[in-house]
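Please open the model in your viewer and keep the selection tool at hand. The tour moves from one group of side chains to the next, saying at each stop what to select and what is there.

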Amino acid sequence: MHIKLETERLYLREFTLDDAAMVFEMHQDPAITRYTGDPLPWDSIVHTEKILTEAILPQYQHNIGRWAVHLKATDEFIGWCGLKNTGEEIDLGYRYIQKYWGNRYALEAAKAVLDYGVKLQLPNIIGRASVANVASVKILAQIGLTFDAFYMDEDTMEESVRYIYKA
């Protein structure tokens, strides 16, 4: 197991293909993908393996990526958080299993991820959220990102916000 970051209550580690089943299971909950534009439910574990192989794992060679988030106390997988290079910007994103919402885990992990990106001097770190996803919008502001713009998300067809890190 390759742990990338640690906080007081959490550790973030690199995903492996062995994680496909738990990631697939997580994405069966429509509440988790409500604001993401992902198809529901995710098609299959094979589809999840393809996402891991093509979109998640290659980012690790650049010292960034989406990382599995676990509780230190129990080793439970609770979701994911991390950075993704889109080619134009570095996207800070996260998703958590619903039963772990409301415990400030997303805030704790997102802050650690942003601090990590700043330490690497990554340019253009951004966070996006649907305006209707009030909790995520609050997290983006609380971790130190600055409001940048409203826009229409083409995947969800919802009004969304973009926050950006400004040194």
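Begin by selecting Arg 128, which counts as partly exposed because its relative accessibility is 35%, between the limits of 20% and 50%. Before going further, keep in mind that the structure on the screen is a predicted model.

With Arg 128 still selected, add Glu 89, and you will find a salt bridge between the two, in which the closest N and O atoms are 2.5 Å apart. Arg 128 belongs to strand β6 while Glu 89 lies in the loop between β4 and β5 (90–96), so this pair ties together parts of the chain that are 39 residues apart in sequence. Glu 89 itself counts as buried, at 11% relative accessibility.

Next, keep Glu 89 and select Arg 162, whose side chain meets that of Glu 89 in a salt bridge of 2.7 Å, N to O. Because Glu 89 is in the loop between β4 and β5 and Arg 162 is in strand β8 (residues 158–164), the pair ties together parts that are 73 residues apart in sequence. Arg 162 is buried, with a relative accessible area of 19%. Adding Asp 148 to the selection completes a network of salt bridges that links Glu 89, Arg 128, Asp 148 and Arg 162.

Return now to Arg 128 and show Tyr 151 as well: the charged end of Arg 128 sits over the ring of Tyr 151, 5.1 Å from its centre.

For the following stop, select Phe 147, Phe 150 and Tyr 163, which together form one aromatic cluster. Two of these residues, Phe 147 and Phe 150, also join Val 131 in making a nonpolar surface patch of about 260 Å². Val 131 is located in the loop between β6 (125–130) and α4 (134–142), and at 32% relative accessibility it counts as partly exposed.

Aromatic pairs can also be sought across the whole structure, where a search finds six of them. One to select is Phe 15 with Phe 77, an edge-to-face pair with 6.3 Å from centre to centre and 70 degrees between the planes. This pair links distant parts of the chain, 62 residues apart, with Phe 15 in the loop between β2 (10–14) and α1 (20–26) and Phe 77 in strand β4 (residues 77–85). Phe 15 counts as buried at 4% relative accessibility, and Phe 77 counts as buried at 11%.

Finish with Asp 19 and Arg 13, which form a salt bridge whose closest N and O atoms are 2.8 Å apart. Asp 19 is buried, with a relative accessible area of 8%, and Arg 13 is buried as well, with 9%.

Technical notes: Residues numbered from 1 in each chain as written. Predicted model: local features only at pLDDT ≥ 70, side-chain atom pairs only at ≥ 80, totals over all residues. Heavy atoms only, no water. Phe/Tyr/Trp six-rings, centres within 6.5 Å; stacked < 30°, edge-to-face > 60°. Helix = DSSP H or I, 4+ residues; strand = E, 2+ residues; numbered from the N terminus. Buried < 20%, exposed > 50% of the residue type's maximum accessible area, 1.4 Å probe, protein only. Lys NZ or Arg CZ within 6 Å of the ring centre and 35° of its normal. Patch = residues over 30% accessible without salt bridge, like charges linked within 9 Å, V, L, I, M, F, W, Y side chains within 5 Å. Areas by Shrake-Rupley, 256 points an atom, 1.4 Å probe, with all protein chains shown as cover. Salt bridge = Lys/Arg side-chain N within 4 Å of Asp/Glu carboxyl O.
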